[in-house]
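Colleague: Could you walk me through this one before I set anything up?

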Amino acid sequence: MLAPILRNEWRLLRADRTLHLVAALLAILVAYGVYNGSAWVRFQSNALDSAAGEEAGRLAAMKTAIADVEAGRSNPPAFADPRSPSAAGRSLGTRWASMPPTPLAALAIGQSDLYPYYFRVSTQSRLSFAQNDEIEHPVHLLSGRFDLAFVVLFLYPLVILGLSYNMISAEKESGTLAVTLSQPIALRTLAFGKILTRFLLVALLGVALPAAGVLLSGADLSAEGAGMRLLLWIAVVVAYGAFWFAVAALVNAAGASSPANAIALAGLWLLFVVLTPAIVNGGAKLLHPVPSRVEMIQAMRDAGRQAAAQRSELLAAYLEDHPEFTVSRDGAMADFATIGIVTAQATERAMQPVLERFEKQLDAQQALVDRYRFLSPAILAQAALNDIAGTGVHRYRHFQQLADAFHERWRQYFIPRVMKREVLAPPDVDQFPAWTFEEESLAAVLSRTAASLAGLIVLSVLCFAGAAVALNRYRVAG
Amino acid sequence: MISIIARKEFLEMTRDGRFRWASVIVSVLLLAALLLGWQHQNDVRRQHEQARRHTRQDWLTQGRKNPHSAAHYGVYAFKPTMPLSWVDRGVDPWVGVASWLEAHHQNDFQYRQAQDSTAVQRFGELTGATVLQLLLPLVIVLLTFGAFSDERERGTLRQLLSLGLRRPDLALGKALGVAGALGFLIVPATLAGVLALALSEQNGALLADGGRILGMTSSYLLYFVAFLGVSLAVSAKAPSSRAALLTLLAFWIVNGLVAPRAAADLARLVYPAPSAFEFANKMDAAMKHGIHGDETPEQRAAALREEVLRRYNVSRLEDLPVDFGGIRLQAGEEHANTIFDHFYSDLWTTFRRQETVHRTLAAFAPVLAVRSLSMGFAGTDFTQHTHFAKAAEEYRREIQRLMNGDLAEHGKTVQGPYLQDEALWSKVPEFTYEAPDAGWVLSHQASSLVLLAAWAAAAAAAAWRAAATQRVD
């Protein structure tokens, strides 16, 4: 019985002129979104390439400069001596820590325009180098970007609702519902057929959108994990579409007129996509306010002053802990660079609890959002899509952790050399710690996405079940 | 006659459950948003006030040191909150909160508040501006989509017109009725806002910001008139209520959600800004080799030496009556300043050009015009951010001039290291910033205001015309 319904519905949908128009419009929006995403990824890749080129050039020039000083061809002042491990670790020999975009990054710009994705790691405090914000008109950050994720989160539900807001009510209003049901067919079967046809269309869109995205952006699917990420993206888009579709079915089953359905669905869209996220965001900030960066800057200044005032005590304490540095090559007392390192470390120790407060509050905000994201499928989908595209907050955290570990390694390499007043030779330059970005494990992405995906599926099933129950009480005529 | 129609519309609306619900929800959201904004602004103002005193104290009590060390220690400039930022936070969360004013560098503002938020922030924040720009127009649409089409479908339009009623009067009456109902929503919020300002801790805030309040209120009124006009016109012209509603919802979505994002990306494509890496790198190269890349640091040093020797009519640096170190440092600052001015003015020009793209698109989406005006009058747009950034940079340069001038003048008078103390530090005046007035804002926002007024006028005319020429059944 189902097959004729499907065939008939499909014929009706195909004959609908507006549907063709909507499909064309959607294609244009998708193309524009993917074009923007790819342009942004290209911009990021170019910036990373230039940074890598700059690093290679600078290190090669450093080798030549060291050779020149060794051969007596130049005689720079002490603070700019390329042979000095202090100058090398602080500026001349530093390396870029960078996070390359994932193969699917063009599909969701996410938080990648807000957080730094490359910075130069030096022996100085992390606060001095990790704030390498990309240049962007702040109004663009405020508006958000027009990428495929935007099309999926905001516009794709509208297409689905436009397709299905009157799928049953229209037949009732034109009187064909009673006629059809005079045949030996149950309302539920008919409704199921209508729902299934449209759902197949929605699922097709759900596959087509990401697939078009990948094709248009020229993403490299042979890259590690790319196929898996694409499958996850598709799963989230289909599940998100299924939710909106289930909501439309539920509203239709409630039995109101087509205009009333349209208004109710527009209201639900507004509630889930615009209002709930804004309220969850406001609530998170109200309940777990992040301390002020203005106060952090003050704390940093105070800690720096404190450390500077006690620098002789700090130095004595440090040398007590590290007796191997006490007697240096020429037996002289520690110099400027040593004092700098010791006070910087004391400042950082004092700042540690302040910075931890930021992380703690931000974690609390994130936990609250994670808990209440089930209130809005849009939040669920946004978190998942960003995560899969590698532009969500988790991958940035991962990058920060790698950068912190690298920073530590960098210091462990240079600080003892500064203390022992070693002199660098050209081959030493190749021995400087090198940065490699180790991709976040796909299993972690999978487990986080699975929760969002499960949330979307549960919400959809609930709505469909509600629709099935309500259909039992549906008044076919009158 | 017009007033009778307006009264009828008003009465009908206030008795309508839809309107009651919509207005309750929007009022609650508006009040909550304004309250949150108010509280946030007071918090930030307190922190900034304290930080401003603290950084001044730090500067004065930094102890005995060389003036150039003091210049390196520097001060922080904290971005102040503007009186109306509680209505519209604008770009404030998306630019840094403070800039370190130190020797040799014009530092960017660091620590964007948005970086200390979750990704949900990207859906948009609940602020007064969001409610006014996004939600109130939706209420207007819901109230008016059936204004004519409903009457036509019920057949009452023919009856009404048979009474000899002029059609434009009907349109005007309906518009006034809806406006009156909306007034119920907006007027209390506006009054509460003005009252809150009047009671705020800053004396004379209301008087000082009267122009800004007026500008912001007028901008939003024009915006609402535009939406009202478009809605009435569509309601008169659409074949059915359903078509009117769908058309207006589509317009609302394109205007409020699609256009701002489309404008952001289009502006980036048309006028690309450099990457942070490229910007810093080019600036570094220019520091060494000049803006045109045709000089070396050695050449500049030699030229300065020669010029100074000639000015003091001596042949050796040792014979100078002044300290050459101080002169060299100041010359370095001035060289760097020309480069900062060159690169930042380039960057800010690019940003301004990007804004022209936003403005051009405002011809299709009035929200882009009202957003710009609202941020402008709230003092939270990018233009006013750069106004503050320039003032801070000017102050940084003044510190350098004073420190290097002192070093040049007195650096030679002592044997051994030259140290200074609070006597010199206190010669640096405290950093004060005066925000530009409403007239200044208006001069930067003229085109947006003209566009928005054009929108309002065109929409009103369209409603008038559509009402006059609409089908009766």
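Modeller: Accessible areas here come from the Shrake-Rupley method with a 1.4 Å probe, and for residues only the protein chains shown count as cover. This is a predicted model, where local features need pLDDT of at least 70 and side-chain atom pairs count only at pLDDT 80 or more, while totals for chains, interfaces and linings use all residues. Residues are numbered from 1 along each chain as its sequence is written, and side-chain values use heavy atoms, with hydrogens and water left out.

Colleague: OK, what does the accessible surface of chain A come to?

Modeller: About 20,400 Å², with 63% of that belonging to carbon and sulfur atoms.

Colleague: And how spread out is chain A?

Modeller: Chain A has 17 helices and two strands (DSSP runs, H or I of at least four residues and E of at least two). Its radius of gyration, taken over C-alpha atoms, is 30 Å, well over the 23 Å from the globule rule (2.2 Å times the number of residues to the power 0.38) for 478 residues, so chain A is more spread out than a compact globule. The C-alpha trace spans about 105 × 45 × 35 Å along its principal axes.

Colleague: Switching topic, which residues touch the most other members of the largest nonpolar core?

Modeller: Trp233(A), Tyr240(A) and Trp269(A) do, in a core of 166 residues, where a core joins buried (under 20% relative accessible area) Ala, Val, Leu, Ile, Met, Phe, Trp, Tyr and Cys residues through side-chain atoms within 4.5 Å. Helix α9 (residues 226-253) of chain A gives the largest share, 18 residues.

Colleague: Is there a second core, or what else is separate?

Modeller: A second, separate core has 68 residues, including Trp410(A) and Ile339(B).

How values were computed:
Chains lettered and ligands numbered in written order. Buried < 20%, exposed > 50% of the residue type's maximum accessible area, 1.4 Å probe, protein only.
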